[in-house]
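Here are some exercises to work through with the model open beside you. Try each task before reading its solution.

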Amino acid sequence: MGILELHGLTKTFGGLTAVGDVNFNVEKDSISGLIGPNGAGKTTIFNLITGVYKVTSGKIIFDGKDITNKEPYLIAESGITRTFQNIRLFKKLTVYENVLTACHYNANYSIFDSVLRLPKFRKQEKKLTEQAAELIEIMGLESRKDLIANNLPYGLQRRLEIARALALMPKLLLLDEPAAGMNPDETEQLMKLISEIRKRFNLTILIIEHHMDLIMGICENIMVLNFGCKLAEGTPTDVQNDKSVIEAYLGVE
Amino acid sequence: MTQFFQQLINGISIGSVYALMAVGYSLVYSIMNFSNFAHGGVIMFGAYFGFFFLTLLRFPFPLAFLSAAICSAILALIIERVAYKPLRERKAPFLYFIISAMGASIFLENLVIAIPAIGPTFRTYPEIFNKQPIKIGELAMGKLDIAMFLISAICLIVLIYIIDHTKIGKAIQATSYNIKASALMGVNTDFILVTIFLMGGFLAGIAGVLFGMKYTVYPQIGIITNKSFIAAVFGGLGSLPGAVIGSVLLGIIETFTAGYFSSQYRDLIAFVLLITVLVVRPMGLMGKVTEDKA
Amino acid sequence: MGNEYILGIFTLAGINLMTVLGLSLLTGFTGLFSFGHAGFMAIGGYATALMTLNFHWPFIPSLMVGGLAAALVSAVLGKVTLKLKGDYFCIATLGFGEAVRLILDNVQTFGGARGWPGIPHYTNFWNVLGINIVAIIILANLIHSRHGRNMIAVREEELASQIVGINVFKYKMISLVISAAYAGIAGGMMGHYMTFLQPKMFSLVKSTELTIIVIFGGLGSISGSVLGALVLTSLPEILRAFSSWRLVFYGLAVIFIMISRPEGLMGGYELTPSSMKRLYRNIVSKRSKAVHSAGGDK
């Protein structure tokens, strides 16, 4: 079975169904795509998986465990993390601090250890700073590591958000429109980067994106959503030739 | 049983004055999303305005009443222009508004104490309504209490009429729903803010005079006005009917506590109620529930 | 008189500073605002006095009990209110602070509203100094650890914090409990400095004053909090000659700070030996650059 399974996932706001009875499997180590017109419920699905919204009905299974309606930080701990469509960095902190903060999960010294600066604190803190520096290097942010996150160019802010997510050493990474606002060159670079980090970190990746080049270029499996419901699923070629998908995107002639 | 109804009447009478104060908090909260703690200072000034118009300038009562309300309205507007407008333009977080409001409240309270002609002394209003109560069967109702209730009720009805049935009222509602969208739709939000501060200040002035007549006037009245803020939270911050219902309930609860237990617990019960409401139902009795968006 | 008077002012400033340090962690580093910390001071003050007067404990252990009492109460308060959104938490702390004061008004064992006289004069400049130094070291070490970074993350962006696995509620709670413990110890020092306790010493105005000091010093700066406490405690004392007008100016100053320099004195920067060096180097390099460019003009 897949590393992530959505079973009959449904979310309603008041009377409005944002996501209706969606079933989907994400295979381990794959790159999968989630596409659909605006308002189709893509980001809502991310919010449900990461526990930001409460699920109305249905189940989310991750790595064989039921994570439905768990607290977001527990879901992060179990190995899922994400980026946001409208970037959410720790804006006033530096690039380095952003990544270092997210590394916290890989240390377990207590408040007591830190107040007394005990050996455990020193040892683990050293490990954290090394890890943060390494991540920044991999993501090509080294020359800007002391810049305030908010002052970074847009494209690099997206990169930093991915770096911060990787600091958790997740098993599953959800990317919400990582190429939004990027030019074709930057998008190309991003595609390479995504493939690279997947290999390097043994990641499974699920992407929401409107850039079809990117989606068709790197995804192995794609789900198409429309009005909160699954319209189609399959390989890029399958989806591109699916009649209902073409109708939804281009309208019927 | 007589005592019960007597307390009920007293509670409604005091609660109606709380309501006049509470709607001021709620009006500002509904649009600017912060608790305007300077409102207590405006109420206190209203009480002093009324007192000096009556004693120093020897205005007839209705004129003194109206002048006090108008002066308070202007004061409320000045506070908005000086202490909040620069923050608004900078899109400062809500806390800066609260601190600025606290600063204004410290300023107003101590200004009264510092001006030699006013000072910290307690002042008693001249008697407008004689002390002879009106008796209905066993129940005695002070003329002042009746006047307090009637004046408050009329003001609140007019206010709610304005909000519900006039163009400016509709604009206020729209702005409280979504200030950015309203501005885009052509509502002059700055004008709306001027209006709500004037309305809130006007009612604060009236409440101040009523309060001064019922008790005495002194610089720390603001501490009592904090209770009308609690009433606004109780009813649901930002909701006008909520503020009114919360106030009347608080008035009744207070008088019953004082009547059946001890007047010492009257203030305490208000704050205990505040925490209980926040824990059990933070949006208050009538407040709207909002869901965070990611 | 000179020395005594100045030491007295510094002692008062140090007592304020103790609460301000805790509040700095809560407000400056975790992003939560409280209008009820005078309530925690009151709890600590009365608990400490109870230990020294009724149980004849020595001063320092009694202070620890005072801090612990405030911390326990804050844990209960936090449990029920920390899930509230920003301004509602603020209002809840306000209600809490006032409720503590009004309850103490009615507890006759501690003298009720008339107050509790005859508390031994144990607090002096030196023990206040010592306690504050320890408090600053603890705070600085905490902030420069993963725990401190997590609190700052909560201040910056709650949702993103959760997504990177930070238990937001837990860190808000830790921050609140530590800040309440600091306030409790400060209350204990206050009672044993004034030699009496009275509920009205711990009013809403006191809580507001404390928050104003934190903001005045600069959110997210320990040295800012120290400076803020020194300046804002000593200034009113020095201005005492102007009696009632000083609070009028105080109120105006608060509004002025909010509208003109909201980042406070230090604005998130710290005054440490290394930052001083950096500042010095910057100034020097700017000057030499200026010299160079002036030279380059030819």
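Two strands pair if DSSP finds at least two bridges between them. Helices (H or I, at least four residues) and strands (E, at least two) are DSSP runs, numbered from the N terminus. This is a predicted model, in which local features need pLDDT of at least 70 and side-chain atom pairs count only at pLDDT 80 or more, while totals for chains, interfaces and linings use all residues. Residues are numbered from 1 along each chain as its sequence is written, and chains are lettered from A and ligands numbered from 1 in the order in which they are written.

**Exercise 1. The four-stranded sheet**

Work out the strand order of the antiparallel open sheet in chain A, and find the residue opposite A:Glu5.

Step 1. Four strands of chain A line up as β2-β1-β4-β5, with antiparallel pairing.

Step 2. Look at the ends: β2 (16-26) and β5 (65-66) of chain A each have a single partner strand, so one side of each has no neighbour in the sheet.

Step 3. Now follow one pair. Seven bridges join β1 (residues 4-13) of chain A to β2(A), in the antiparallel sense. Across this pair, A:Glu5 faces A:Asn25 of β2(A).

Step 4. Add the helix. α1(A) lies across β1, β2 and β4 (57-62) of chain A and runs at about 70° to β2(A). Such angles run from 0 to 180 degrees between N-to-C directions, with axes as lines fitted to C-alpha atoms, for helices over the stretch in contact.

**Exercise 2. The six-stranded sheet**

Trace the open sheet of six strands in chain A, and find the bridge partners of A:Gly33.

Step 1. The order is β6-β7-β8-β3-β9-β10 (chain A), and the pairing is mixed.

Step 2. At the edges are β6 (80-82) and β10 (229-234) of chain A, each pairing on one side only. Ignoring direction, neighbouring strands in this sheet are turned by 20° against each other on average.

Step 3. Start from the β6(A) edge. β6(A) pairs with β7 (residues 172-176) of chain A over three bridges in the parallel sense, and A:Thr81 stands opposite A:Leu173 in β7(A).

Step 4. Move to β3(A). This strand runs parallel to β8(A) over four bridges, and four bridges also join β3(A) to β9(A) in parallel. A:Gly33 is opposite A:Ile207 in β8(A), and its bridge partner in β9(A) is A:Ile222.

Step 5. Check burial (buried: 20 or more other C-beta atoms within 10 Å of the residue's own; exposed: 12 or fewer; partly exposed: in between; C-beta atoms are placed from the backbone). Five of the five residues of β3(A) are buried. A:Ile31, A:Gly33 and A:Ile35 lie on one side of β3(A), with A:Ser32 and A:Leu34 on the other.

Step 6. Return to the helix from Exercise 1. Helix α1 (residues 42-49) of chain A also lies across β3 (31-35), β6, β7, β8 (204-208) and β9 (221-226) of chain A, at about 145° to β7(A).

**Exercise 3. A helix in its surroundings**

Is helix α3 of chain A enclosed or open, and what covers its buried residues?

Step 1. Eight of the eight residues of α3 (residues 95-102) of chain A are buried, so this helix is largely enclosed by the rest of the structure. Among them are A:Tyr96, A:Glu97 and A:Asn98.

Step 2. The cover includes α5 (119-138) and α6 (154-166) of chain A, together with α6 (146-156) of chain C.

**Exercise 4. Chain C and its contact with chain B**

Describe the make-up of chain C, then the side of chain B that touches chain C.

Step 1. Chain C has 12 helices and zero strands. Of its 298 residues, 54% count as buried.

Step 2. Use contacts (C-beta atoms, placed from the backbone, within 7 Å). By that rule, 34 residues of chain B are in contact with 34 residues of chain C.

Step 3. α3 (61-90), α4 (94-114) and α11 (265-280) of chain B each supply at least two residues of that side of chain B. The largest share, 15 residues, comes from α4(B).

Step 4. Sort by class (nonpolar: Ala, Val, Leu, Ile, Met, Phe, Trp, Tyr, Cys and Pro; charged: Asp, Glu, Lys and Arg; polar: the others, Gly among them). The side of chain B that touches chain C has 28 nonpolar, five polar and one charged residues.

Notes. Two residues are in contact if their C-beta atoms, placed from the backbone, lie within 7 Å.
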